[in-house]
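Colleague: Please choose one part of this model and take me through it closely. I would like each term explained with its cut-offs, and the neighbouring parts brought in where they help.

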Amino acid sequence: MKNLFLSAAIVLGGLTSFASTSPITNSIVKVTSVADEYVEIKLEELPAPITEALKKAYPDAVITKAYKNEKSEYKLDVTVGDKVGNLFANADGTWIKK
């Protein structure tokens, strides 16, 4: 009888060690695709409505570089004081959120 209880305890003890759970890991992958390829252009090639819209919205802004894509959308590297940023606009001077 003593051996029966001892062997039952060993079997139950052995089963509990196999019942442990393994940690579940989830990985999140963020994929960013650049669909619009911008090509650098000269500042003189910017349409007048864009420069006028920039002066109206940001009077102290200075355009450092300008880019254009196939859809005639423009990307402007702009400096205002000590802040540097990008603005996107259509050829008619309408701002685009990207």
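**The nonpolar core and its surroundings**

Modeller: In this predicted model, the largest nonpolar core has 12 residues in all, namely Ile41, Leu46, Ile50, Leu54, Ala61, Ile63, Ala66, Tyr74, Leu76, Val78, Leu87 and Ala89. At least two of these core residues come from each of α2, β2, β3 (73-80) and β4 (83-90), and β3 gives the most, with 3 residues. A nonpolar core here is a set of buried Ala, Val, Leu, Ile, Met, Phe, Trp, Tyr and Cys residues joined through side-chain atoms within 4.5 Å. Buried means under 20% relative accessible area, exposed means over 50%, and partly exposed lies in between, with a 1.4 Å probe and the protein chains only. Helices (H or I, at least four residues) and strands (E, at least two) are DSSP runs numbered from the N terminus.

Residues are numbered from 1 along each chain as its sequence is written, and side-chain values use heavy atoms, with hydrogens and water left out. Because the model is predicted, local features need pLDDT of at least 70 and side-chain atom pairs count only at pLDDT 80 or more, whereas totals for chains, interfaces and linings use all residues.

As a setting for the core, the chain has 2 helices and 5 strands, which follow the pattern α-β-α-β-β-β-β along the sequence. Of its 98 residues, 22% count as buried. Taking contact to mean heavy atoms within 4.5 Å, 42% of the contacts between residues at least 6 apart in sequence join residues at least 24 apart.

The helix α2 (48-57) is a good place to begin, with Ile50, Ala53 and Leu54 as buried residues. Seen down the helix axis, the buried residues of α2 fall within an arc of 100°, so they line one face of the helix; the arc is that of the directions from the helix axis to the C-beta atoms. The face turned away from this buried side carries the exposed residues Glu52, Lys55 and Lys56, while the cover over the buried residues of α2 includes β2, β3, β4 and β5 (95-96).

Two of the core alanines can be followed through their contacts, leaving aside neighbours within four places in sequence. Ala89 is in contact with Ile50, Ser72, Glu73, Tyr74, Thr94, Trp95 and Ile96. Ala61 lies in the loop between α2 and β2 and is buried, because its relative accessible area is 17%. The contacts of Ala61 are with Leu54, Val78, Thr79 and Val80, and its C-alpha atom is separated by 9.6 Å from that of Lys83, 22 residues apart along the chain.

Ser72, one of the residues in contact with Ala89, is found in the loop between β2 and β3. Ser72 counts as partly exposed because its relative accessibility is 31%, and its phi is near 60°, a positive value in a residue other than glycine.

Thr64, in strand β2, counts as partly exposed because its relative accessibility is 43%. Again leaving aside neighbours within four places, Thr64 is in contact with Leu43, Asp77, Val78 and Thr79. The C-alpha atoms of Thr64 and Val78, which are 14 residues apart along the chain, are separated by 5.8 Å.

Two exposed loop residues can be placed in a similar way. Gly81, in the loop between β3 and β4, is exposed, with a relative accessible area of 66%, and its C-alpha atom is separated by 8.8 Å from that of Val62, 19 residues apart along the chain. Lys42, in the loop between β1 (39-41) and α2, counts as exposed at 55% relative accessibility, and the C-alpha atoms of Lys42 and Lys65, 23 residues apart, are separated by 7.6 Å.

Finally, the accessible surface of the chain comes to about 8200 Å², of which 59% belongs to carbon and sulfur atoms; these areas come from the Shrake-Rupley method with a 1.4 Å probe, and for residues only the protein chains shown count as cover.
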